[in-house]
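This report describes how two protein chains meet each other and the DNA strands beside them. The sequence and the structure are shown first.

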Number of protein chains: 2
Amino acid sequence: MSRKIRKRITAKPKARARTFAALGDKTRLALVARLCSGEPGSISQLAGDSKLTRQAITKHLGVLERAGIVRSSHAGRERLFEFDPAPLEGLQEYLVSVSRQWDQTLARLKSHVEKG
Amino acid sequence: MSRKIRKRITAKPKARARTFAALGDKTRLALVARLCSGEPGSISQLAGDSKLTRQAITKHLGVLERAGIVRSSHAGRERLFEFDPAPLEGLQEYLVSVSRQWDQTLARLKSHVEKG
DNA sequence: AAAATACGCAACCATGTAGTTGCACATCTG
DNA sequence: CAGATGTGCAACTACATGGTTGCGTATTTT
């Protein structure tokens with residue numbers, strides 16, 4: 001089952017890297033914070049919270065959407081974005097498995113030292 | 001206490017973004033997987049697992065080190081890198097607080113709908 | 001001492017990213 | 001219908017990133 005954890009750590013590295021990368025920007029972190037603690041918002045509304053232009057926010061929302069962290073739907077002339085928790089739950093599981101793997105590694109190295 | 005969570009979500013966004021960004025690359029994810037489940041390794045050893053050049057791996061290790069995810073120490077002519085779990089634990093806490101915030105938001109929106 | 005190993009540094013290239021401006025188009029609203 | 005609002009698309013700049021090659025230097029090893 002050490003192998004099971006190892007598998008969890010190395011599985012789907014491309015999608016995982018993309019999700020991490022999507023969170024690797026302060027503007028996008030702010031968008032996530034806004035969308036996960038409030039109602040869905042249009043591009044103009046979300047751009048209003050920032051000092052950046054609407055077009056810049058559109059690009060950031062595109063990155064988040066490609067990573068699956070937000071979904072968008074059209075409502076009249078507006079495009080509403082809402083949070084989707086699934087990808088972040090995946091990252092959380094990944095980080096938990098990394099911690100577990102590290103604990104096992106520490107224990108193994110320690111017993112190795114004690115033996116000789 | 002909703003405010004406490006909100007604070008946790010918006011605190012230190014710069015450092016957090018840098019840590020997320022450091023994990024936003026498949027090569028670096030592989031390095032993390034290697035270092036968290038094995039002994040410390042030198043640059044040449046770590047480069048041996050990859051198809052990239054030693055210099056490319058050096059750059060990736062620099063990104064991980066600037067994010068605090070790995071530490072390095074000199075041993076003779078070698079430079080040994082080892083895993084540091086602290087930053088990833090911070091990300092894990094962050095993701096947990098985002099999930100909690102999202103659950104509260106869902107509950108609030110739901111009751112809002114029920115009321116009217 | 002000479003060869004092999006491990007590393008650092010710099011230059012360079014291609015590509016991606018973050019941001020802007022400008023303009024066209026769709027959709028509400030008076 | 002005319003104007004205001006919300007969006008999409010394209011071009012462009014500036015800079016960061018991922019990767020390479022080349023070379024110099026420190027440290028083992030034989």
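The following paragraphs treat the relation of the two chains, their interface, the DNA surfaces and one pair of helices.

**Relation of the chains**

The model is predicted. A turn of 180 degrees with a shift of 0.0 Å along the axis lays chain B on chain A, and the RMSD is 0.0 Å. The two copies are thus related as by a two-fold rotation axis. Both copies use the same surface, since 100% of the contact residues of chain B recur in chain A.

**The interface between the chains**

Chain B places 34 residues in contact with 35 residues of chain A. On the side of chain B that touches chain A, the elements that give two or more residues are α1 (2-10), α2 (13-22), α3 (26-36) and α6 (86-115) of chain B. The largest share of this side, 12 residues, is that of α6(B). By class, the side of chain B that touches chain A has 19 nonpolar, 8 polar and 7 charged residues.

**The surfaces near the DNA**

DNA strand C is surrounded by 19 residues, and the closest are Ala56(A), Gly76(A), Arg77(A), Ser42(B) and Ser44(B). Two or more residues of the surface near DNA strand C come from each of α5 (54-66) of chain A and α4 (43-48), α5 (54-66) and β3 (78-83) of chain B. The largest share there, 5 residues, belongs to α5(A).

For DNA strand D, the surrounding residues number 20, and the closest are Ser42(A), Ser44(A), Ala56(B), Gly76(B) and Arg77(B). Here α4 (43-48), α5 and β3 (78-83) of chain A, together with α5 of chain B, are the elements that give two or more residues. The largest share of the surface near DNA strand D, 5 residues, is given by α5(B).

The classes of the residues near each strand are tabulated below.

| Surface | Nonpolar | Polar | Charged |
|---|---|---|---|
| Near DNA strand C | 4 residues | 9 residues | 6 residues |
| Near DNA strand D | 4 residues | 9 residues | 7 residues |

**Packing of α3 and α5 in chain B**

How do α3(B) and α5(B) lie relative to each other? Their axes come within 10 Å and cross at roughly 70 degrees. The helices α3(B) and α5(B) are therefore roughly perpendicular to each other. In this contact, α3(B) contributes Thr27(B), Arg28(B) and Leu31(B), while α5(B) contributes His60(B), Leu61(B), Val63(B) and Leu64(B). The residues of the contact of α3(B) with α5(B) comprise 4 nonpolar, 2 polar and 1 charged.

Conventions:
Residues numbered from 1 in each chain as written. Chains lettered and ligands numbered in written order. Predicted model: local features only at pLDDT ≥ 70, side-chain atom pairs only at ≥ 80, totals over all residues. Near = placed C-beta within 6 Å. Helix = DSSP H or I, 4+ residues; strand = E, 2+ residues; numbered from the N terminus. Nonpolar A, V, L, I, M, F, W, Y, C, P; charged D, E, K, R; others polar. Least-squares fit on C-alpha atoms with pLDDT ≥ 70 in both. Contact = placed C-beta atoms within 7 Å. Axes fitted to C-alpha atoms, helices over the stretch in contact; angles between N-to-C directions. Parallel < 35°, antiparallel > 145°, perpendicular 65-115°, else oblique.
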